[in-house]
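Here is my note on the model, as numbered points. Please read it with the structure open beside you.

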Amino acid sequence: MKSYHADERGYYGEFGGAFIPEMLYPNCEELRQNYLSIMEEPSFKEEFHQLLKDYVGRPTPLYFAKRLSEKYNTKIYLKREDLCHTGAHKVNNTIGQILMAKKLGKNRIIAETGAGQHGVATATVCALMGIQCVVYMGEIDIARQAPNVARMKMLGAEVRPATSGSKTLKDATNEAIRDWINNPVDTHYIIGSVVGPHPYPDMVARFQSVISEEIKNQLQEKEGRENPDYVVACVGGGSNAAGAYYHYLDVPEVGIIAVEAAGKGVDSGESAATSALGKVGIIHGSKTLLMQTQDGQITEPYSISAGLDYPGVGPMHAHLYASGRGEFISITDDDAMKAGLELCKLEGIIPAIETSHALAIFEDRKFNPDDVVVVNLSGRGDKDLQNYIDYFKL
Amino acid sequence: MNRIKQKLQEDKKILSIYFSAGYPNLDDTVKIIQDLEKSGVDLIEIGLPFSDPLADGPTIQESSTAALKNGMNTSLLFEQLKDIRKTVSIPLILMGYFNPVLQYGVAEFCARCEEIGIDGLILPDLPLDVYKEEYEDIFKKHGLINVFLITPQTSDERIKAIDDASEGFIYMVSSASTTGAKQGFGSEQSDYFNRIASMELNNPQIVGFGISNAETFEQATQKAKGAIIGSAFIKHLTVNGVDGIGDFVKQIR
Ligand SMILES: Cc1ncc(COP(=O)(O)O)c(C=O)c1O
């Protein structure tokens with residue numbers, strides 16, 4: 001059977017692999033050789049699930065959004081990742097990776113962050129385990145995400161500004177990779193999404209797959225069936241989406257909908273809609289779709305949401321797009337902001353702006369009244385308050 | 001015979017110099033190559049600038065960024081180099097990241113290299129297995145030598161596999177680091193240099209990363225066939241422009 005999961009070499013169709021300089025080979029190879037067997041160890045599983053339960057607060061609810069459903073005349077369920085400790089799905093991955101790092105005997109953690117959500121989730125688990133933590137963040141992002149910088153510092157992490165290139169997420173990722181090249185033995189790199197060289201996309205997807213594992217059980221309870229008609233998620237690098245799709249990837253009757261950030265419009269020159277604007281290439285060690293010039297220079301994306309502001313997309317999603325398995329929709333800043341505010345008014349939930357993109361599809365994408373549509377509510381909007389205030393002049 | 005192979009047969013230590021094409025000025029490429037040859041350098045690595053050079057330290061990041069700002073791109077570099085073989089005979093290697101090559105089209109890129117008289121490529125993020133499966137035939141068809149890197153962390157087994165896949169020299173990265181000049185080499189480096197020398201590989205090794213002056217060149221080439229200078233030369237260009245390239249080379253040997 002055709003599978004949408006990674007093969008042993010980390011390829012999703014033609015996408016994925018490990019396009020890394022030799023300096024990174026031993027680090028990635030150590031991880032590649034060990035990640036599956038470590039994840040299978042009973043002691044690992046037990047600690048992972050215990051922490052997800054007691055520390056993160058899982059399982060997160062699957063909430064039937066009654067008023068939203070009425071408005072759009074379909075059955076909408078929200079998977080409440082916003083209720084995770086630290087406010088987003090990101091922590092599922094950082095819990096998994098910190099335990100992985102411990103098993104591999106690493107005593108220093110590095111991470112990249114854009115908006116700071118993954119940085120906070122990494123700093124959190126490092127504090128939890130008492131491990132040294134360095135987070136790279138673009139100089140420009142440091143200036144515009146001050147509260148998350150403060151949170152990381154309070155949690156004991158060192159935040160190092162990335163001053164190269166365009167000084168945002170892709171450059172923070174470059175700096176983290178350079179740090180790993182310079183510290184190949186004692187350091188583990190906790191990457192924040194389903195991007196990077198093999199085995200990262202597959203490993204991160206597996207850690208996030210708890211999302212769809214829970215959806216299956218919860219939907220069984222609520223609807224008497226494990227499979228929704230559609231599962232919807234926003235895609236930056238694609239980790240919350242990968243987790244929400246994971247157990248449905250090879251179930252053809254479940255429709256997969258991926259929502260990207262159109263920024264000011266797909267053709268405006270200020271967008272982060274990678275599937276629409278990207279071409280096949282190599283970014284951060286992975287062969288995938290990415291936004292680039294004709295000459296192969298990686299370009300700077302734009303979105304009002306810092307978490308979707310990445311010029312590439314994970315190889316799983318590139319494959320879902322290229323194969324037609326996934327339906328890709330892009331949503332502008334304005335439509336996302338409107339949908340975010342609508343969720344506040346209809347359901348009393350303030351979503352992260354990333355998530356608001358996923359919620360915005362209902363305006364144009366119509367579903368049948370008895371369709372069950374699960375939207376992954378990847379994060380809460382506390383971190384975005386300043387953005388909402390500025391946008392709506394609150 | 002490929003000019004790189006020919007040069008490696010000479011009974012001497014190889015001095016190779018790297019620079020970013022399009023830096024400090026867009027049109028300096030040919031002059032830098034000519035002056036390096038005149039100064040007695042043995043091999044030149046022409047850097048194809050990339051927006052996200054993740055194996056490079058600050059110096060080469062900055063020269064790459066500046067070169068791109070100056071307007072350098074793959075087609076323009078080929079245009080600048082089209083008559084280079086009328087004036088120089090030194091072996092020339094293009095060094096860059098894989099994505100710009102992929103966008104140009106690997107087959108077209110290699111064909112253009114052959115036309116111009118490029119002798120080899122160094123693409124650090126093109127992995128060994130992908131090269132062998134997808135691109136080796138194309139490289140060979142166009143007479144291009146592909147140079148692989150090894151580091152102090154590379155296992156003996158993998159070094160042997162890389163040696164088998166190589167046919168010019170092996171690029172021996174001196175330490176676990178990105179590019180950039182260091183203070184000098186310690187005992188860790190000499191252990192590594194000795195270990196590699198004792199493996200008696202088929203291909204000669206040329207050491208790169210952290211070579212900046214006569215002393216580090218001398219240390220690096222005690223066991224290895226040669227050494228590569230990158231960041232230190234770029235710093236020289238930053239300060240002096242294209243003047244005094246001969247003086248820079250004279251300080252090295
Ligand atoms: C709430 C939330 N959703 C989504 C994302 C996008 O990341 P990914 O596509 O990996 O889920 C982020 C990233 O910061 C986020 O904070």
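The points below cover the ground rules, the interface, the ligand, two pieces of sheet and some backbone details.

1. Ground rules. This is a predicted model, in which local features need pLDDT of at least 70, side-chain atom pairs count only at pLDDT 80 or more, and totals for chains, interfaces and linings use all residues. Residues are numbered from 1 along each chain as its sequence is written, chains are lettered from A and ligands numbered from 1 in the order in which they are written, and side-chain values use heavy atoms, with hydrogens and water left out.

2. The interface in numbers. Chain A brings 33 residues into contact with 36 residues of chain B (contact means heavy atoms within 4.5 Å). Together the two chains bury about 2800 Å². Of this, 53% is on carbon and sulfur atoms. Buried area is the accessible area, taken with a 1.4 Å probe, that two parts lose on being put together, summed over both. Glu22(A), Met23(A) and Arg178(A) supply 22% of the area that chain A buries against chain B, more than any other three residues.

3. Charges and polar pairs. How many salt bridges are there between chain A and chain B? The count is 4. A salt bridge needs a side-chain nitrogen of Lys or Arg within 4 Å of a carboxyl oxygen of Asp or Glu. Glu133(B) forms one with Arg9(A), where the closest N and O atoms are 3.6 Å apart. Across the interface, 18 residue pairs are in polar contact, both residues being at pLDDT 80 or more. A polar contact is a pair of N or O atoms within 3.5 Å; within protein, one must be able to donate a hydrogen and the other to accept it, and residues adjacent in sequence count only if both atoms are side-chain atoms.

4. Which elements take part. On chain A, α1 (25-40), α8 (169-182) and β11 (279-283) each supply at least two residues of the side that touches chain B. Helices (H or I, at least four residues) and strands (E, at least two) are DSSP runs, numbered from the N terminus. α8(A) gives the most, with 8 residues.

5. The ligand. It is surrounded by 19 residues (near means a heavy atom within 4 Å). The closest are Ser193(A), Gly236(A), Gly238(A), Ser239(A) and Ser378(A). Polar side-chain atoms also approach oxygen atoms of the ligand: His89(A) at 3.0 Å, Lys90(A) at 3.1 Å and Asn240(A) at 2.8 Å.

6. The sheet in chain B. Nine strands form an open sheet in the order β5-β4-β3-β2-β1-β9-β8-β7-β6, with parallel pairing. Strands pair if DSSP finds at least two bridges between them. Because β5 (145-146) and β6 (149-150) stand at the edges with a single partner strand each, one side of each is left without a neighbour in the sheet. β6(B) pairs with β7 (residues 170-173) over 2 bridges. There, Leu149(B) stands opposite Tyr171(B).

7. A hairpin in chain A. β11(A) and β12 (residues 286-290) run antiparallel, joined by 5 bridges. Lys279(A) has Leu290(A) as its bridge partner. The turn holds 2 residues, and His284(A) there has a positive phi of about 45°.

8. Backbone details. Most residues other than glycine have a negative phi, and most peptide bonds are trans. Check these, then. The bond from Arg58(A) to Pro59(A) is cis, with omega near -5°. The bond from His198(A) to Pro199(A) is cis too, with omega near 15°. Thr86(A) has a positive phi, near 75°, and lies in the loop between β4 (75-80) and α4 (90-103) of chain A.
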